[in-house]
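Q: Could we go through this model together, starting with its charged pairs?
A: Certainly; the structure is shown here, and the questions can follow.

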Amino acid sequence: MTEQEFSSGYEQSIHRMGRFWMSAALLVILAVPLSISIYFDAWPAAGPLLAGLLPIMMIYVPIGIIEVITFSPMLGSGSTYLAFTTGNLTNLKVPCALNAMEIAEIEPGSRDGEIISTIAVATSSLVTNLVLILGVLLFVQMAPVLASPVLQPAFENILPALFGALGYLYISKNWKLAVVPVTLMLIIFILVPTAPVGVLIPVSALSAIAAARFMYNRDMI
Amino acid sequence: MDDYRNSGFLFFLGAIVALFVTAQSIVFMRKAWLEGRRAGLPEEKMRKAVFTSAVFTLVPSLSILLTMLTLSGALGLALPWIRLSVIGAVTYELPAAEAAAQAAGASLMAGGVPVSVFSVIVWVMTLGIMSGPIFIIAYFKKLQGKVNKIKAEDNRWGALLISAMFVGLISSFLGSSLAGGLISILTLLSSALLMVICIQLEQKAGLKFFKDFALPVSMVGAMALAIFYTGLLGG
């Protein structure tokens, strides 16, 4: 099968399937607050609802859209539909998919990448689901262990622990691509250490793309 | 006080959400597996993707579980379980819940919240994260078409574009970790060093385990070192 044939057949059906499941997911997700309000007869007043929602939406509406644009080319179609239902993209699903493609020695964005990435995200979603169910069932036993002060530095530093290894893996292979975004991000974070990383991901990605295009046009890469 | 937050009804809702996520994951896994088989992708590669992804997911899942625990103090166990099973993230749920609680004149820090505040929180947490899924339903097919077009026109640039996006993502986290204090910097460097060691062990000593599990080994090792550094330098 050629990539072209794969694209037309699989892509069409995965989008159909993805839209169906994503719409169903939205209904299920919305049914939760609706059921709670009906069951407990507790409807939120418009004032507090809007006051709570506005600041959150101002940040997370753009982030939600930017995440789709940034992550979907890396993840591929099937895993995008799945990852955006199950969440935890930057800290789990995207690194998991890229790690699986790296181990399989497959390029992200390719036909095989699409398949491996979907399998990785599906597995990851199932495992997280299972861990959370076990957490609910064994709450009394697990809570003191997870919350122990000794372990807190480990969980507080999970992102540096994840992105140090991933950073080495990808930047050693694409170091020319990394010079501009790493420098830019370092400057921004040194000047504003509390800058929200979610907002800066697209800035960093755009700077990397611009640098890549510049070098590509001049045969430097 | 906490009866409604841990009521059977909320756990029933949680079970439905968990079941839905499980069903969707299995359906997509099956679809990809069948396509992989048709495309001639070796089954061994697909099986390995399942195994390595499952192992990799364990530790980040524990950190998600920790968020569930943090939120459970004020919201009970069922709602954080529901919210962390679907779209959202560790970094979203806590600020969203706190913003909603404050808007309703309460705070998560104060412990259990009355059902009127709980209702505001659950609506805000749900509605605040809808933009990604809605955007996907409306525009993702078109967006993916554009990406495919770029790849079809110039495959090398298409591949480079995706690499650049990923390097951009990593760079933003590198920047934030490097500016996050000494322990964060040491953890980042340790993780990178452990990855180098894993690669060497695989390439020089032929230990294949270290190729397949380089990422979880580096991550867990660096997290353990973060505990050590904190003890050494004082958190």
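**Salt bridges and the chain contact**

Q: Which residue forms a salt bridge with A:Glu105?
A: A:Glu105 forms one with B:Lys211, and their closest N and O atoms are 3.1 Å apart. A salt bridge here is a side-chain nitrogen of Lys or Arg within 4 Å of a carboxyl oxygen of Asp or Glu.

Q: Before going further, what kind of model is this, and how is it numbered?
A: It is a predicted model, in which local features need pLDDT of at least 70 and side-chain atom pairs count only at pLDDT 80 or more, while totals for chains, interfaces and linings use all residues. Residues are numbered from 1 along each chain as its sequence is written, chains are lettered from A and ligands numbered from 1 in the order in which they are written, and side-chain values use heavy atoms, with hydrogens and water left out.

Q: Where do the two partners, B:Lys211 and A:Glu105, sit?
A: The pair crosses between chains: B:Lys211 is in helix 9 (residues 209–212) of chain B, and A:Glu105 is in the loop between helix 4 (89–103) and helix 5 of chain A. Helices (H or I, at least four residues) and strands (E, at least two) are DSSP runs, numbered from the N terminus.

Q: Is A:Glu105 buried or exposed?
A: A:Glu105 is exposed, with a relative accessible area of 62%, whereas B:Lys211 is buried at 19%. Buried means under 20% relative accessible area, exposed over 50%, and partly exposed in between (1.4 Å probe, protein chains only).

Q: Why can such side chains pair at all?
A: Side chains of opposite charge can pair when their charged atoms come close.

Q: How many salt bridges are there between chain A and chain B?
A: The count between chain A and chain B is one. Over all chains, a search of the whole structure finds eight.

Q: What about polar contacts between chain A and chain B?
A: There are 23 residue pairs in polar contact between the two chains, both residues being at pLDDT 80 or more. A polar contact is a pair of N or O atoms within 3.5 Å; within protein, one must be able to donate a hydrogen and the other to accept it, and residues adjacent in sequence count only if both atoms are side-chain atoms.

Q: Which helix of chain A gives the largest share of the side that touches chain B?
A: Helix 1 (residues 3–40) of chain A does, with 27 residues. The residues on that side of chain A divide into 100 nonpolar, 36 polar and seven charged. Ala, Val, Leu, Ile, Met, Phe, Trp, Tyr, Cys and Pro count as nonpolar, Asp, Glu, Lys and Arg as charged, and the others, Gly among them, as polar.

Q: How many residues does the contact take from each chain?
A: It takes 143 residues from chain A and 135 residues from chain B, where contact means heavy atoms within 4.5 Å.

Q: And what area do chain A and chain B bury between them?
A: They bury about 12800 Å², 80% of it on carbon and sulfur atoms. In chain A, the residues that lose the most area to chain B are A:Trp21, A:Ile103 and A:Leu132, together 5% of what that side buries. Buried area is the accessible area (1.4 Å probe) that two parts lose on being put together, summed over both.

Q: Back to helix 9 of chain B: what does B:Asp212 do there?
A: B:Asp212 lies in helix 9 of chain B and forms a salt bridge with B:Lys48, the closest N and O atoms being 3.5 Å apart. This pair links distant parts of the chain, as B:Lys48 is in helix 2 (residues 43–75) of chain B, 164 residues apart from B:Asp212. B:Asp212 is buried, with a relative accessible area of 10%, and B:Lys48 counts as partly exposed at 23%.

Q: Which residues does B:Asp212 touch?
A: Not counting residues up to four places away in sequence, B:Asp212 touches A:Ile103, B:Lys48 and B:Thr52.

Q: How far apart in helix 1 of chain B are B:Glu35 and B:Arg38?
A: Both lie in helix 1 (residues 8–38) of chain B, three residues apart, about one turn of the helix. Their side chains meet in a salt bridge (3.8 Å, N to O). B:Glu35 is buried at 8% relative accessibility, whereas B:Arg38 is exposed at 57%.

Q: What is the overall make-up of chain B?
A: Chain B has ten helices and zero strands, and buried residues make up 55% of its 235 residues.
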